[in-house]
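Let's take a walk through this structure together, beginning with the ligand and then moving on to the protein's interior.

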Amino acid sequence: MGPHFPPMAQINLSDVREKTLDNLTMNHNTSIASPSKEVRLTQNAALTSLVLLIVLCLAWEWSWAPLKPGGSWLALKALPLVFAVPGLLRRRLYTYRWLSLVVWLYFIEGVVRAYSDTGDQARLATLETTLSVLLFMACAGHVRARFKASLLATETSPSPDTPNTPNTSTSSQAQLTRPQAQQLIDQLKSIVGQEHVLMAPLDLSAYEQDWRKRAQGRALCVVRPALTAEVSQVVRACASFGVSIVPQGGNTGLVVGSIPDESGEQVLLSMQRMKAIRAVHTDNLSIEVEAGCVLAQLQEAALQAGLFFPLSLGSEGSCTIGGNLSTNAGGTQVLRYGNARDLCLGLEVVLANGEVWNGLSGLRKDNTGYDLKNLFIGSEGTLGIITAASLKLFPKPKSTLTAWAALEDLQGCVKLLGLAHEKLGAGLSGFEVMNQYSLGLVQKHFPALQAPFQEFPWCALLELSDNESTEHAQTQLIELLELAMEQGIVKNATVAENLTKAAQLWHIRESITLAQAQEGLNIKHDISLSASSIPAFVAQTERELCDLIPGVRLVNFGHLGDGNLHYNVQSPMQMDSAQFLRDFEQKVNDVVHRNVFALGGSISAEHGIGSLKVDTLPFYKDPQALSLMRRIKESLDPQLTLNPGRVIRMSDPSLDRP
Ligand code: FAD
Ligand code: MLT
Ligand code: ZN
């Protein structure tokens with residue numbers, strides 16, 4: 001029996017349902033926790049409905065259909081049915097995708113034949129269309145009701161065995177009726193203007209997928225306010241409907257924190273239009289900017305004023321200062337200037353109830369109570385919406401020199417770091433390391449970017465920022481490298497002779513992330529340890545991973561100067577990367593995180609928690625700290641509408657430890 005294609009919105013809902021149910025199915029395939037009763041009932045109900053649908057389609061075709069088997073319509077309709085069967089057998093609900101295609105085909109056939117055929121044939125075609133509509137609606141309604149019930153029962157206890165598939169669903173969210181959703185959308189349009197509430201699927205798609213293509217959500221709409229007052233009204237309106245908000249800056253985050261979940265009921269608040277530089281205070285060495293200001297534009301504004309804003313990331317052409325503060329971003333200058341938190345003097349924040357906190361004082365010293373700005377920095381949009389910031393600026397160094405050194409091993413890199421601290425002192429502003437495999441990936445995907453010294457397993461990129469002169473800087477840097485070579489630490493080295501050459505070297509380093517993305521889906525880690533523990537960590541982890549996955553490719557690079565390594569893992573050459581993630585992501589994460597934990601490190605140095613690590617965090621964070629985090633979340637966002645499902649879940653604290 002062929003169902004009628006439903007109105008557009010209904011197709012969307014079934015798509016969403018399918019994705020979420022697929023996630024549930026996947027989770028429960030590998031989780032030690034057995035699926036809840038509701039989830040099992042949902043799976044069964046959905047699958048029974050699908051099987052029923054297929055049986056009815058076949059019965060219709062062979063018994064009553066106006067078309068005889070073998071017709072071209074039949075072949076067209078049979079194809080998606082064939083594709084649906086493997087999904088059904090594996091209990092995967094992506095089957096809906098194929099069946100919705102069948103729905104369309106039946107509908108088109110019914111309509112075409114009702115007009116082109118005559119007599120009984122035409123009547124049967126009309127009947128076919130009508131029956132298909134009815135059956136589809138019955139099935140969709142049935143599955144949807146069960147699905148909603150199952151969502152409430154889905155918050156399973158976190159477990160290190162739960163796969164790291166981003167589970168962005170949240171049970172705290174209000175379920176809007178269509179009229180309520182329309183009412184909210186109308187209010188949002190009246191606040192920001194009709195053209196700044198985006199709803200068309202094509203307009204939404206870029207906001208709904210994360211940078212790494214690890215997850216895809218579905219928003220009720222995207223709202224693009226231009227003023228703090230508008231953000232405040234948007235938050236108030238959403239709060240009055242109990243609708244959750246996901247703030248988004250440049251959407252370059254790497255832990256799936258800035259896209260909506262799959263419910264289609266969250267409002268995505270884009271800060272893109274709030275990008276003004278409000279003031280540059282050269283005498284106070286500070287700058288006040290709106291949260292949506294792109295980092296590169298902020299750096300440029302500082303330079304225009306003869307000053308320097310040091311935060312520097314590979315994503316600086318797209319990421320926003322609001323996103324940088326919300327993730328407490330690090331980057332390549334942390335060694336000397338600190339991370340985003342250290343660069344912030346004050347914030348303006350819209351709170352969960354729409355109130356505005358103006359903490360933009362710009363003071364460098366202020367001990368009048370709790371340091372509120374530091375609650376919001378690094379909170380990934382779960383405690384408030386940052387709308388503006390006051391930030392530190394610095395005098396521009398007189399000379400900045402970059403060197404590239406080749407080394408035999410990581411132990412050598414750590415020794416070089418120690419020597420660089422000793423010889424360059426505060427002038428050392430960057431110290432990055434890269435293994436040869438990561439540089440090879442850059443060359444493979446961007447052949448113009450050839451790294452020097454390809455015959456050595458490790459390379460280090462050093463930056464010296466000097467306040468005397470270029471000559472002084474050169475002397476210092478060359479002396480350091482000569483000493484390191486004499487001591488056998490460095491095997492070869494080059495100092496960039498001008499800024500263009502230096503930029504090329506940095507470009508190679510910053511292209512690793514992109515090259516890795518081109519190579520396929522991968523498992524990323526962003527760990528921190530004391531720099532001296534990193535070689536032992538890498539040796540142990542590499543041994544375990546190579547035993548676990550013969551042929552596994554290790555893409556290691558990062559900010560050794562901060563004890564921060566991106567210990568990334570790519571599938572063996574011949575293995576499909578999606579399959580690799582399904583089979584090994586959790587196992588790899590377990591090995592890496594366990595080893596980091598054993599050495600007293602952190603599972604997230606600079607990227608944050610997002611939804612990618614939200615269920616892992618409880619195993620590696622002090623329970624008292626988790627409990628305090630929950631209390632802070634509850635008091636600042638009692639309705640739990642700000643970016644729910646990110647950073648911390650509100651579940652029973654006793655579930656946090658196995
Ligand atoms: P988004 O991705 O839009 O959002 C990130 C989080 O902040 C989300 O939880 C979101 O809800 C929240 N958020 C965004 N804006 C606001 C706001 N105004 N108020 C409240 N919450 C908000 N990160 C590093 O730390 N170091 C690096 O070296 C680095 N290099 C990168 C290189 C590449 C090529 C890429 C793609 C990413 C890199 N990142 C790095 C990660 C990313 O760029 C940073 O996390 C960045 O700070 C995110 O900024 P964004 O504006 O894109 O934020
Ligand atoms: C970097 O250091 O390049 C970033 O943190 C991005 C990444 O980890 O890939
Ligand atoms: Zn990094």
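**Around the ligand and into the cores**

Start at ligand 1, where one of its oxygen atoms sits 3.5 Å from a polar backbone atom of Gly-323. Keep in mind as you look that this is a predicted model. A second place to check is Ser-326, whose side chain puts a polar atom 3.0 Å from a nitrogen atom of the ligand. At Glu-380 the backbone takes part: one of its polar atoms is 3.2 Å from an oxygen atom of ligand 1.

How much of ligand 1 does the protein cover? On its own the ligand has 970 Å² of accessible area, and the protein covers 97% of that. Strand E3 (245-248), helix H10 (321-327) and strand E10 (385-392) are the elements that each give two or more residues to the surrounding shell. Of these, H10 contributes the most, with five residues.

In total, 36 residues surround the ligand, and the closest are Pro-247, Gly-249, Thr-252, Ser-315 and Thr-320. By character, the shell has 24 polar residues, ten nonpolar and two charged.

Now turn to the protein's nonpolar interior. In soluble globular proteins, nonpolar side chains tend to be buried together. Here the largest nonpolar core holds 58 residues, and Leu-184, Leu-188, Phe-309, Leu-325 and Leu-391 have the most contacts inside it. Take Leu-184 as an example: setting aside neighbours within four places in sequence, it is in contact with Leu-176, Leu-220, Ala-237, Cys-238, Phe-241, Val-243 and Val-267. Apart from this core lies another, made of 48 residues, including Val-433, Ala-460, Leu-462 and Ile-527.

Terms used: Residues are numbered from 1 along each chain as its sequence is written. Chains are lettered from A and ligands numbered from 1 in the order in which they are written. This is a predicted model: local features need pLDDT of at least 70, side-chain atom pairs count only at pLDDT 80 or more; totals for chains, interfaces and linings use all residues. Side-chain values use heavy atoms; hydrogens and water are left out. A nonpolar core is a set of buried Ala, Val, Leu, Ile, Met, Phe, Trp, Tyr and Cys residues joined through side-chain atoms within 4.5 Å. Buried means under 20% relative accessible area, exposed over 50%, partly exposed in between (1.4 Å probe, protein chains only). Contact means heavy atoms within 4.5 Å. A residue is near a molecule or strand if one of its heavy atoms lies within 4 Å of it. A polar contact is a pair of N or O atoms within 3.5 Å; within protein, one must be able to donate a hydrogen and the other to accept it, and residues adjacent in sequence count only if both atoms are side-chain atoms. Accessible areas come from the Shrake-Rupley method with a 1.4 Å probe; for residues, only the protein chains shown count as cover. Helices (H or I, at least four residues) and strands (E, at least two) are DSSP runs, numbered from the N terminus. Ala, Val, Leu, Ile, Met, Phe, Trp, Tyr, Cys and Pro count as nonpolar, Asp, Glu, Lys and Arg as charged, and the others, Gly among them, as polar.
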